[in-house]
Amino acid sequence: MNVQNSKANIIGSKSAKVVKIVLIDDHEIVRCGLANMLKDEPHILLVGDASNAEDGLSIIAKTNPDVVLLDIQLNNSEIDGFSLVKIIKTQTPDRVVIMLTGFDSELYLTEALRNKVDGFILKELPQTLLVCAIKMACYGISVWDTKN
């Protein structure tokens with residue numbers, strides 16, 4: 001994982017704010033697994049999850065999360081994750097969006113950079129690194145996890 005910035009020392013602070021997260025992924029097993037991984041993490045609160053883009057936008061509007069964890073392929077939506085990023089960033093340019101994928105693809109990485117997402121992480125990332133990536137992105141540190 002590549003990290004850009006030097007603010008990492010403030011992430012573990014006991015006075016750190018609670019990071020509100022919305023998770024959008026079309027696979028229920030992924031949403032449940034990530035919810036289970038994050039439920040006991042201090043300073044992280046999953047405020048909603050959705051299986052498609054439309055429900056995701058509704059939950060974002062209702063909960064005003066700090067971070068959106070977003071799958072690239074949303075098979076049960078009319079739009080994919082990259083199209084959804086454009087909508088989210090148009091509505092709220094400062095909203096942190098981290099793309100979450102099972103595919104280590106140069107094409108996806110390039111598209112993520114083009115859409116100015118705040119991070120790109122693989123679903124195989126261990127829990128500790130996922131939590132760290134979320135906190136770092138929330139503090140403005142760009143996080144990119146690829147095998148390449």
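Angles under 35 degrees between helix axes count as roughly parallel, a cut-off that will help with the first of these views of a predicted model.

**View 1. Helices α2 and α3 side by side.** Two packed helices are described by the angle between their axes and the distance between the axes. Here, the axes of α2 (residues 53-63) and α3 come within 11 Å and cross at roughly 20°. The two helices are therefore roughly parallel to each other, and α2 passes α3 in a right-handed crossing. Look for Ala-53, Leu-57 and Ile-60 on the α2 side; they meet Leu-84, Ile-87, Ile-88 and Gln-91 of α3.

**View 2. A tilted ring pair between α3 and α4.** The structure holds three aromatic pairs, and this view shows one of them, formed by Phe-82 and Tyr-108. The ring centres are 6.0 Å apart, with 55° between the planes, and the pair is tilted. Phe-82 sits in helix α3 (residues 81-91) and Tyr-108 in helix α4 (residues 106-114). With these positions 26 residues apart in sequence, the pair links distant parts of the chain. Are these two rings buried or exposed? Phe-82 has 6% relative accessibility, so it counts as buried. Tyr-108, at 16%, counts as buried too.

**View 3. Phe-103 joins the group.** Tyr-108 also pairs with Phe-103, this time edge-to-face. Their centres lie 6.2 Å apart and their planes are at 75°. Phe-103 counts as partly exposed because its relative accessibility is 43%. Taken together, Phe-82, Phe-103 and Tyr-108 are linked into a cluster by ring pairs.

**View 4. The largest nonpolar core.** In soluble globular proteins, nonpolar side chains tend to be buried together. The largest such core in this model has 23 residues. Ile-21, Leu-38, Val-67, Ile-98, Ile-121, Leu-130 and Ile-134 have the most contacts inside this core. Which elements each supply at least two of its residues? They are β2 (19-24), α1 (28-38), β4 (67-71), β5 (96-101) and α5 (127-138). Helix α5 gives the most, with seven residues.

**View 5. Around Ile-121, and a second core.** Here we zoom in on one residue of the largest core, Ile-121. Setting aside neighbours within four places in sequence, Ile-121 is in contact with Ile-98, Met-99, Leu-100, Thr-101, Leu-130, Ala-133, Val-143 and Asp-145. Apart from the largest core lies another, of 22 residues. Val-22, Ile-24, Ile-60 and Phe-120 are among its members.

Methods
Residues are numbered from 1 along each chain as its sequence is written. This is a predicted model: local features need pLDDT of at least 70, side-chain atom pairs count only at pLDDT 80 or more; totals for chains, interfaces and linings use all residues. Side-chain values use heavy atoms; hydrogens and water are left out. Rings of Phe, Tyr and Trp (its six-membered ring) pair if their centres lie within 6.5 Å; planes under 30 degrees apart count as stacked, over 60 as edge-to-face and the rest as tilted. Helices (H or I, at least four residues) and strands (E, at least two) are DSSP runs, numbered from the N terminus. Buried means under 20% relative accessible area, exposed over 50%, partly exposed in between (1.4 Å probe, protein chains only). A nonpolar core is a set of buried Ala, Val, Leu, Ile, Met, Phe, Trp, Tyr and Cys residues joined through side-chain atoms within 4.5 Å. Contact means heavy atoms within 4.5 Å. Axes are lines fitted to C-alpha atoms, for helices over the stretch in contact, and angles run from 0 to 180 degrees between N-to-C directions. Angles under 35 degrees count as roughly parallel, over 145 as roughly antiparallel, 65 to 115 as roughly perpendicular and the rest as oblique. A crossing is left-handed if the near helix is turned anticlockwise from the far one by less than a right angle, and right-handed if clockwise.
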